[in-house]
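Here's a walk through one protein model, written for someone who likes to check contacts and charges by eye. Load it up and follow along.

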Amino acid sequence: MKKLSMIALIFVLLLTGCSSGNNGDDKEIKRMSDTNNKNVIDMNTDTVTGTDAKAEFFELVKNSEAGDGKGINWDGNKASVIDDEMNSFDIDDGGYVSENPPKYREEMLIEFRYPEGFKQVDVNPDELDNCHFTDGDDEIIVKQINYEEMVAAIENSDDYKQTDSVHIQDYRSKYFDKYMLYVGLKDFEGITKAGYTLIFKSALEDRSYIVEVYGLGNINSIKAEAALVMNSIDVLWY
């Protein structure tokens with residue numbers, strides 16, 4: 001009787017061990033599946049290095065298509081594909097931004113339009129063409145720069161990737177002596193935001209500027225904000 005009890009105990013222990021092993025395998029398979037899901041890019045995953053995760057993020061943004069009813073949500077750490085009914089060719093009213101946006105203008109310096117709801121912060125009366133607007137989640141920054149130095153700095157950073165996904169209209173680019181456009185990830189007081197950077201050298205004045213539009217949430221919305229600012233910026237010379 002004692003021998004039978006021992007055999008039964010060993011049998012139960014073997015079953016328990018097998019069951020635990022299978023659960024561990026299932027968890028590992030699920031974790032690997034989540035990590036390899038190209039529709040979700042997590043910068044904090046323990047199986048992808050930061051650089052590789054950024055490359056995957058840029059590839060996800062590159063492969064997003066206009067009019068397909070999809071978007072990419074960025075929450076500060078993770079990018080995921082979402083449904084976006086505004087990303088449709090049937091919508092032609094601007095969708096993500098207001099039809100009559102306010103204008104920022106400083107005589108003999110610059111002017112541009114920006115979305116409603118943004119407020120100017122960090123005002124420096126000595127550098128009025130260096131400005132920062134925010135609505136809390138999204139940021140718009142315009143600064144005068146050295147073109148060559150800024151291009152070199154961005155090209156040497158893995159936080160940026162060249163893109164043409166924000167269309168710069170001909171009526172605007174004809175006033176650029178040269179320009180570069182990037183999609184990027186940038187830190188704002190400890191929060192990583194996604195967006196777009198335009199660097200251009202004016203064809204009208206001996207001045208160059210960087211235009212940055214970054215935020216949290218739907219990258220299609222951030223892209224629309226970037227298109228508004230970048231296609232309205234003027235370097236004033238008269």
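What follows covers a small sheet, its charged residues, a helix and a few spots around a loop.

First, a caveat: this is a predicted model, so treat the distances below as computed values.

**The sheet**

Let's start with an open sheet of three strands, ordered 4-5-14 and paired antiparallel. Strand 4 (103–106) and strand 14 (234–235) sit at the edges with a single partner strand each, so one side of each has no neighbour in the sheet. Between strand 4 and strand 5 (residues 110–113), which run antiparallel, there are four bridges. If you want one pair to click on, take Glu106, whose bridge partner in strand 5 is Ile110.

**Charges**

Now for the charged side chains. Lys103, Arg105, Glu107 and Glu111 are joined up in a network of salt bridges. Arg105 takes part in a salt bridge with Glu107 and in another with Glu111. How exposed are these residues? Arg105 counts as partly exposed because its relative accessible area is 33%, which falls between the 20% and 50% cut-offs. Glu107 is exposed at 54% relative accessibility, while Glu111 is buried at 11%.

In total, the model has twelve salt bridges. Another of them pairs Lys54 with Asp159. Here Lys54 belongs to helix 2 (residues 50–63) and Asp159 to the loop between helix 3 (147–155) and strand 9 (160–162), so this pair ties together parts that are 105 residues apart in sequence. Asp159 itself is partly exposed, with a relative accessible area of 23%.

Here are three of the salt bridges, with the distance between the closest N and O atoms:

| Salt bridge | Closest N and O atoms |
|---|---|
| Lys54 and Asp159 | 2.5 Å |
| Arg105 and Glu107 | 3.1 Å |
| Arg105 and Glu111 | 2.4 Å |

**Helix 5**

Next up is helix 5 (residues 219–230), a run of twelve residues. From its first C-alpha to its last it reaches 16 Å, close to the 16 Å expected at 1.5 Å a residue. Is helix 5 mostly covered or mostly open? Mostly covered: ten of its twelve residues are buried. The buried set includes nonpolar names such as Ile219, Ile222, Leu228, Val229 and Met230, but also Asn220, Ser221 and Glu225. As a reminder, an α-helix has 3.6 residues a turn, so residues three or four places apart point the same way.

**Around strand 12**

Finally, have a look at Ser208, which is found in strand 12 (residues 208–215). Ser208 is buried because its relative accessibility is 5%, under the 20% cut-off. What does Ser208 touch, leaving out residues up to four places away in sequence? Its contacts are Lys143, Gln144, Ile145, Tyr147, Phe200 and Lys201.

Leu204 sits in the loop between strand 11 (191–202) and strand 12. Unlike the buried Ser208, Leu204 is partly exposed, at 33% relative accessible area. Together with Tyr175, Trp237 and Tyr238, Leu204 makes a nonpolar surface patch of about 440 Å².

Terms used: Residues are numbered from 1 along each chain as its sequence is written. This is a predicted model: local features need pLDDT of at least 70, side-chain atom pairs count only at pLDDT 80 or more; totals for chains, interfaces and linings use all residues. Side-chain values use heavy atoms; hydrogens and water are left out. Helices (H or I, at least four residues) and strands (E, at least two) are DSSP runs, numbered from the N terminus. Buried means under 20% relative accessible area, exposed over 50%, partly exposed in between (1.4 Å probe, protein chains only). Contact means heavy atoms within 4.5 Å. Patches are made of residues with over 30% relative accessible area and no salt bridge: like charges are joined within 9 Å, nonpolar side chains (Val, Leu, Ile, Met, Phe, Trp, Tyr) within 5 Å. Accessible areas come from the Shrake-Rupley method with a 1.4 Å probe; for residues, only the protein chains shown count as cover. A salt bridge is a side-chain nitrogen of Lys or Arg within 4 Å of a carboxyl oxygen of Asp or Glu. Two strands pair if DSSP finds at least two bridges between them. The expected span of a helix is 1.5 Å times one less than its number of residues.
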